[in-house]
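Got your viewer open and a hand on the selection tool? Let's take a walk through this chain, one selection at a time.

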Amino acid sequence: MIGIKVGPDEELLCPHCGSISIHHEHVKVFSRSEDEEKVAVTTITPTTREAASITSVQTTAGKGNPSSRRHGLSISFRCEQCPEKFELDIAQHKGSTYVSWKR
């Protein structure tokens, strides 16, 4: 797990090189009732400026969900200054919300 760093204007910084030039690419929303075995995963993938985003929903056993018990959100990023790709994860657990970077 990599700590979250922000710049002077509260912009997210690349967790690898510290650049402010990061772009989000796709979003995954993990929906599940507490401790439910099945998880609905909604993936939103931007296509082009002219086209609408593509959304898909599937049911999984929770693979990739940032939360081991509840809802989760994962946003994929890429950095302009370094070749790294990474995800910002937001997870619920026992009434708390956790935010972290994941490679």
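What follows is a tour of a predicted model, stop by stop.

**Stop 1: the core**

Start by selecting I2, C14, I22, I75, F77, C79, C82, F86, L88 and W101, and show their side chains: these ten residues make up the largest nonpolar core. Now colour by strand. Two elements, β4 (72–79) and β5 (85–93), give two or more residues each to this core. Which of the elements gives the largest share of this core? That is β4, with three residues.

**Stop 2: two cysteines in that core**

Keep C14 and C82 on screen, both of them members of the core you just selected. How many disulfides does the structure hold? Zero. C14 is in no disulfide, and its nearest cysteine sulfur, that of C82, sits 3.8 Å away. Turn the question round and C82 gives the matching reply: no disulfide, with the sulfur of C14 as the nearest one at 3.8 Å. The cut-off for a disulfide is sulfur atoms within 2.5 Å, so a separation of 3.8 Å does not count.

Are these two buried or exposed? C14 is buried, at 3% relative accessible area, and C82 counts as buried too, at 14%. While C82 is selected, expand to its contacts. Setting aside neighbours within four places in sequence, you will pick up C14, H16 and C17.

**Stop 3: F30 and its surroundings**

Next, click on F30, which lies in strand β1. At 2% relative accessibility, F30 counts as buried. What is F30 in contact with, once neighbours within four places in sequence are left aside? Select these in batches: V39, A40 and V41; then K63, G64, N65 and P66; then H71, G72, L73 and S74. For a backbone view, draw a distance from the C-alpha of F30 to that of T42: the two atoms are separated by 6.6 Å, with the residues twelve apart along the chain.

**Stop 4: the salt bridges**

Time for some charges. Side chains of opposite charge can pair when their charged atoms come close. The count here comes to three salt bridges.

Begin with E25 and R78, whose closest N and O atoms are 2.7 Å apart. This pair links distant parts of the chain, since E25 is in strand β1 and R78 in strand β4, 53 residues apart. Both partners count as partly exposed: E25 has a relative accessible area of 28%, and R78 is at 33%.

Now move to K102, and show E87 and D89 with it. These residues are linked in a network of salt bridges. Take the E87 arm of the network: the closest N and O atoms of K102 and E87 are 3.3 Å apart. K102 belongs to strand β6 (residues 96–102) and E87 to strand β5, so this bridge ties together parts 15 residues apart in sequence. Then the D89 arm: for K102 and D89, the closest N and O atoms are 3.4 Å apart. D89 is also in strand β5, so the pair with K102 in β6 ties together parts 13 residues apart in sequence.

Switch on a surface and check each member of the network. K102 counts as partly exposed at 32% relative accessibility, and E87 is partly exposed with 22%. D89, by contrast, is buried, with a relative accessible area of 6%.

**Stop 5: a nonpolar patch outside**

Leave the surface on and select I4, V6 and V99. Together they form a nonpolar patch on the surface, with about 230 Å² of accessible area. Where does V6 lie? In the segment before β1 (22–31). V6 counts as partly exposed, at 47% relative accessibility.

**Stop 6: two backbone oddities**

Finish with a look at the phi angles. Most residues other than glycine have a negative phi. Select E10, which is not a glycine and yet has a positive phi of about 65 degrees. You will find E10 in the segment before β1, and E10 is exposed, with a relative accessible area of 68%.

Then jump to K94, in the loop between β5 and β6. K94 also has a positive phi without being a glycine, with a value near 50 degrees. Is K94 buried or exposed? K94 counts as exposed, at 67% relative accessibility.

Terms used
Residues are numbered from 1 along each chain as its sequence is written. This is a predicted model: local features need pLDDT of at least 70, side-chain atom pairs count only at pLDDT 80 or more; totals for chains, interfaces and linings use all residues. Side-chain values use heavy atoms; hydrogens and water are left out. Patches are made of residues with over 30% relative accessible area and no salt bridge: like charges are joined within 9 Å, nonpolar side chains (Val, Leu, Ile, Met, Phe, Trp, Tyr) within 5 Å. Accessible areas come from the Shrake-Rupley method with a 1.4 Å probe; for residues, only the protein chains shown count as cover. A salt bridge is a side-chain nitrogen of Lys or Arg within 4 Å of a carboxyl oxygen of Asp or Glu. Helices (H or I, at least four residues) and strands (E, at least two) are DSSP runs, numbered from the N terminus. Buried means under 20% relative accessible area, exposed over 50%, partly exposed in between (1.4 Å probe, protein chains only). A nonpolar core is a set of buried Ala, Val, Leu, Ile, Met, Phe, Trp, Tyr and Cys residues joined through side-chain atoms within 4.5 Å. Contact means heavy atoms within 4.5 Å.
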